[in-house]
Structures are given as structure tokens and as C-alpha cells.
Amino acid sequence: MNKTGLALGGGAILGAAHIGTLRALKELEIDVHYISGTSIGALIAAFYAFGKSWEDIQTIAMELKWMDVSRISLSLYGLLSNVKLGELIIKHLGDQRIEDAQIPLAIIATDISTGEKVVLREGNVAKAIMGSTCIPGVFKPVEVNGKMLVDGGIVENIPVETVKSLGADFIIGIDLNAKHQYKRPNNILDVIINSFHLLIQNSDKIQTEACHLLVQPNLSQFNRSDTKQVKALIEQGYKDSKSQIEFYKQQSKKS
């Protein structure tokens with residue numbers, strides 16, 4: 001029997017579409033045996049790995065505002081701190097450790113001192129996610145195990161190889177960036193986030209080559225920083241994920 005691994009990619013607020021994917025998987029009765037996530041994908045992956053249903057995660061996401069997960073930082077290394085994100089995770093999950101997840105979980109971050117990929121499979125969940133979601137220049141790096149961590153998207157934005165290494169032999173990758181159209185930035189945050197994701201877009205194509213099923217929601221109408229879009233993003237993620245998964249299953253039956 002195949003063991004299914006789910007790799008949730010980064011994409012800032014676009015990550016709400018992952019919740020729609022989880023809904024589609026539930027309705028199509030596809031069990032997830034391993035899960036990995038980068039950046040916003042790490043946040044969604046952790047909630048799911050610790051037993052939160054897509055409905056639970058949707059409720060949490062619908063209540064979020066940008067300032068709920070960030071605060072002004074006096075650090076030399078970033079404009080903001082995402083310590084409030086860590087507090088949010090502890091509020092909803094408790095002070096958990098990665099290795100205690102119900103579904104085996106891996107969180108991707110980047111060691112900004114060396115440029116190396118850091119795969120976090122044990123240790124504090126909140127700290128790991130804070131590191132994985134730390135967009136360089138926006139948030140100050142997070143110290144974990146003596147390493148200065150920033151956003152995992154730099155090294156593996158869609159963690160296909162990582163979820164494969166956990167033991168998955170059928171891999172579903174979720175790419176939030178493939179069909180996203182960049183728009184004129186409204187503020188400095190948009191400028192930084194757009195620049196960051198433009199830089200990693202080409203590597204996304206390489207990282208997803210090992211996928212058995214690559215889901216690419218059409219998120220062209222959304223931007224990456226407006227939390228008012230969350231409900232619509234979830235719905236778009238659900239609609240596109242369900243149709244693409246069903247199409248894959250139909251094609252598989254023919255072959």
C-alpha cells in the first residue's frame with residue numbers, strides 16, 4: 001500500500017489555499033501518512049499533523065490579521081518580529097514538540113549563516129515554524145539549536161524531497177506560485193515579498209519534478225499580504241485541488 005506524503009509550499013497569505021487542499025483530500029478520502037511544509041506551508045502542515053481538521057484550521061485562519069502574527073522589531077536583522085506567530089501556535093496547539101505529531105512532520109528552514117537547508121524533525125514546534133516563516137528583511141532571524149534560521153523557501157520552497165525522505169512513496173506537492181500573477185506593489189511589504197518569491201520561482205519547477213501529483217491552484221487574482229482574502233483563497237484552493245486530483249485519478253485509471 002502506498003504511503004502518501006504531502007508537501008506544502010510557501011507563498012505568504014496565499015498559503016490559505018492549502019486549507020482548501022486539505023478539505024479536498026478529506027472529501028476524496030485520501031489519507032496523508034507524512035507531511036512537510038515550508039514557510040506558511042509549515043504552519044498549515046503543523047496544525048494538520050497535530051490533529052487539527054481543515055475546519056479547525058480554517059477557523060484559526062479566518063481570525064488572523066497581519067499584526068496578529070508580527071510586531072515591530074528593534075533588531076538589526078529585520079523590520080518585524082514574528083514572535084506573536086509563535087504565541088498563536090502555542091495558543092492553538094500547546095507547547096508541542098515536532099516529534100510528537102500524530103502524522104510524521106518535517107519543517108524546512110534555511111541557516112542564513114551557511115545557506116544550508118535545515119530539516120527540523122524534532123524540537124519545539126512554534127520555534128521551528130517561526131524560523132521557517134521568517135522572510136529575510138521582513139522578520140528577524142530565529143535562533144534554533146545555535147543556528148540563525150530564516151524562510152525555508154530559499155532552499156526548498158516545496159519540500160518534495162524532504163517528504164520523500166520521511167518514507168512517502170506517493171508524493172502530492174502543492175505549488176502556490178506557478179499560476180500566481182504579480183501585481184504592482186502597494187507598500188514596502190509587497191515589494192519585499194514579491195521580490196523574495198520571484199527569486200525562488202525557478203527553483204520551484206525543479207523541486208516539483210519528483211512529485212507524483214502536483215497541484216497548482218490558480219491564485220492569480222490574489223496578492224500575498226492581504227488577510228481579507230483568506231476565505232476566497234481557501235475556496236479557490238479547494239476547487240482547484242479537488243478538480244486536479246480527480247483528473248489525476250481518472251487518468252490513472254485509463255493508463
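A residue is called buried here when its relative accessible area is under 20%. By that yardstick, buried residues make up 56% of the 255 residues in the chain. The model is a predicted one, with a mean pLDDT of 87 over the chain and 88% of residues at 70 or more. One stretch needs some caution: over residues 66-78 the pLDDT drops below 50, although in the model this stretch still has 38 contacts beyond near neighbours in sequence.

As for the overall make-up, the chain runs through nine helices and eleven strands. Plenty of the contacts link parts that are far apart in sequence: among contacts with a separation of 6 or more, 76% are between residues 24 or more positions apart.

Helix α2 is a good place to start. All of this helix, ten of ten residues from 40 to 49, is buried, so the rest of the structure largely encloses it. The buried set runs from I40 and G41 through A42, L43, I44, A45, A46, F47 and Y48 to A49. Leading into the helix, S39 sits in the loop between β2 (34-38) and α2. S39 has a positive phi of about 55° despite not being a glycine, and it counts as buried because its relative accessibility is 6%. On the other side, just after α2, G51 also takes a positive phi, in this case about 95°.

F50 lies in the loop between α2 and α3. With a relative accessibility of 11%, F50 counts as buried. Its contacts, leaving out residues up to four places away in sequence, are with L93, Q96, R97, I98, D100, A101, Q102, L105 and V125. For one of these partners, L93, the C-alpha atom is 7.5 Å from that of F50, while the two residues are 43 apart in sequence.

α2 also comes up in the surroundings of I107, a residue of strand β5 (residues 105-111). I107 counts as buried, since its relative accessibility is 0%. The C-alpha atoms of I107 and A42 are separated by 5.7 Å, with their positions 65 residues apart along the chain. A42 is one of the residues that I107 touches once those up to four places away in sequence are set aside; the others are G37, I98, V118, V119, L120, A128, I129 and S132. I98 thus appears in the contact list of I107 and also in that of F50.

Turning to the polar side, N82 is found in the loop between β4 (78-81) and α4 (83-93). At 2% relative accessibility, N82 counts as buried. Its side chain does have a polar partner, reaching the backbone oxygen of M130 at 2.9 Å.

Near the start of the chain, A12 is another non-glycine residue with a positive phi, near 55°. A12 is placed in the loop between β1 (4-8) and α1, and counts as buried because its relative accessibility is 15%.

The C-terminal part of the chain has its own links to earlier segments. S241, in helix α9 (residues 230-254), is buried, given a relative accessibility of 0%. Apart from neighbours within four places in sequence, S241 is in contact with T21, A24 and V215. K164, in helix α7 (residues 160-166), is instead partly exposed, as its relative accessible area is 45%. From K164 to L6 the C-alpha distance is 9.2 Å, and the two are 158 residues apart in sequence.

Finally, there is the question of open space in the model. The largest pocket holds about 190 Å³ and is lined by 13 residues. K26, Y48, K52, S53 and W54 lie nearest the centre of this pocket. Among them, Y48 belongs to the buried set of α2. Helices α1 (17-27) and α3 (54-62) each supply at least two residues of the lining. In character the lining is mixed, with six nonpolar, three polar and four charged residues.

Terms used: Residues are numbered from 1 along each chain as its sequence is written. This is a predicted model: local features need pLDDT of at least 70, side-chain atom pairs count only at pLDDT 80 or more; totals for chains, interfaces and linings use all residues. Side-chain values use heavy atoms; hydrogens and water are left out. Helices (H or I, at least four residues) and strands (E, at least two) are DSSP runs, numbered from the N terminus. Buried means under 20% relative accessible area, exposed over 50%, partly exposed in between (1.4 Å probe, protein chains only). A polar contact is a pair of N or O atoms within 3.5 Å; within protein, one must be able to donate a hydrogen and the other to accept it, and residues adjacent in sequence count only if both atoms are side-chain atoms. On a 1 Å grid over the protein atoms alone, a cavity is a set of points where a 1.4 Å probe fits but cannot get out, and a pocket is an open set with protein on both sides within 12 Å along at least five of seven lines; lining residues have an atom within 4 Å of a point. Grid points are joined across faces, edges and corners, and a volume is the space filled by probe spheres set on the points. Ala, Val, Leu, Ile, Met, Phe, Trp, Tyr, Cys and Pro count as nonpolar, Asp, Glu, Lys and Arg as charged, and the others, Gly among them, as polar. pLDDT is the predictor's confidence in each residue, from 0 to 100. Contact means heavy atoms within 4.5 Å.
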